[in-house]
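Here's a quick briefing to read with the model open next to you. Have a look at the structure first, then work through the points below.

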Amino acid sequence: MKLAVMILNSMFLLLFISAVIGEWGEPPAIISGIAILSIVINSVFILVKTKNDFEYEK
């Protein structure tokens, strides 16, 4: 589950980064910048709090 969510997050991150590059200085770029910050915070939360898919149970 962790891997799938991280892949989904990275796709949205690439989308927003391309919008920032394409619309530099315009309002869509500012909104995309806020979205990038939100996705990065979300990714860190997923890495820290979500159980790993490949852990071994003892």
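Start with helix α2: at 1.5 Å a residue, its 23 residues should span 33 Å, and its end C-alpha atoms are indeed 33 Å apart, so the expected and modelled spans agree. Keep in mind that this is a predicted model. The protein has two helices and zero strands, so the rest of this briefing is mostly about α1 and α2.

**The overall picture**

- The protein has 58 residues, and buried ones make up 17% of them.
- Its accessible surface comes to about 4,800 Å², and carbon and sulfur atoms account for 73% of that.
- If you take the contacts between residues at least 6 apart in sequence, 59% of them join residues at least 24 apart.

**Helix α1**

- Helix α1 runs over residues 2–22.
- Its length checks out too: 21 residues at 1.5 Å each should span 30 Å, and the end C-alpha atoms are 30 Å apart, which agrees.
- The buried residues of α1 are K2, N9 and V20.
- Those buried residues cover an arc of only 35 degrees around the axis, which puts them on the same side of α1.
- On the face turned away from that buried side, you'll find the exposed residues M11, L14 and G22.
- As for what covers the buried residues of α1, that includes α2.

**Helix α2**

- Helix α2 takes in residues 27–49.
- Its buried residues are A29, S32, A35, I36, I39, S43 and I46.
- The cover over the buried residues of α2 includes α1.

**The nonpolar surface patch**

- L3, I7, L8, M11, F12 and L15 form a nonpolar patch on the surface, and together they have about 580 Å² of accessible area.
- M11, one of the patch residues, sits in helix α1.
- M11 has a relative accessible area of 51%, and exposed means over 50%, so M11 counts as exposed.

**Residues to click on**

- I30 is in helix α2.
- With a relative accessible area of 56%, I30 is exposed.
- I30 and A19 are eleven residues apart along the chain, and their C-alpha atoms are separated by 9.5 Å.
- G33 is another residue of helix α2.
- At a relative accessible area of 32%, G33 is partly exposed, because that value falls between the 20% and 50% cut-offs.
- From G33 to L13 it's 9.9 Å in space, C-alpha to C-alpha, with their positions 20 residues apart in sequence.
- I17 belongs to helix α1.
- I17 has 36% relative accessibility, so it counts as partly exposed.
- The C-alpha atoms of I17 and I36 are separated by 7.3 Å, while the two residues are 19 apart along the chain.
- I36, the partner in that last pair, is one of the buried residues of α2.

Key:
Residues numbered from 1 in each chain as written. Predicted model: local features only at pLDDT ≥ 70, side-chain atom pairs only at ≥ 80, totals over all residues. Heavy atoms only, no water. Patch = residues over 30% accessible without salt bridge, like charges linked within 9 Å, V, L, I, M, F, W, Y side chains within 5 Å. Areas by Shrake-Rupley, 256 points an atom, 1.4 Å probe, with all protein chains shown as cover. Salt bridge = Lys/Arg side-chain N within 4 Å of Asp/Glu carboxyl O. Helix = DSSP H or I, 4+ residues; strand = E, 2+ residues; numbered from the N terminus. Buried < 20%, exposed > 50% of the residue type's maximum accessible area, 1.4 Å probe, protein only. Contact = heavy atoms within 4.5 Å. Expected span 1.5 Å × (residues − 1). Arc of directions from axis to C-beta.
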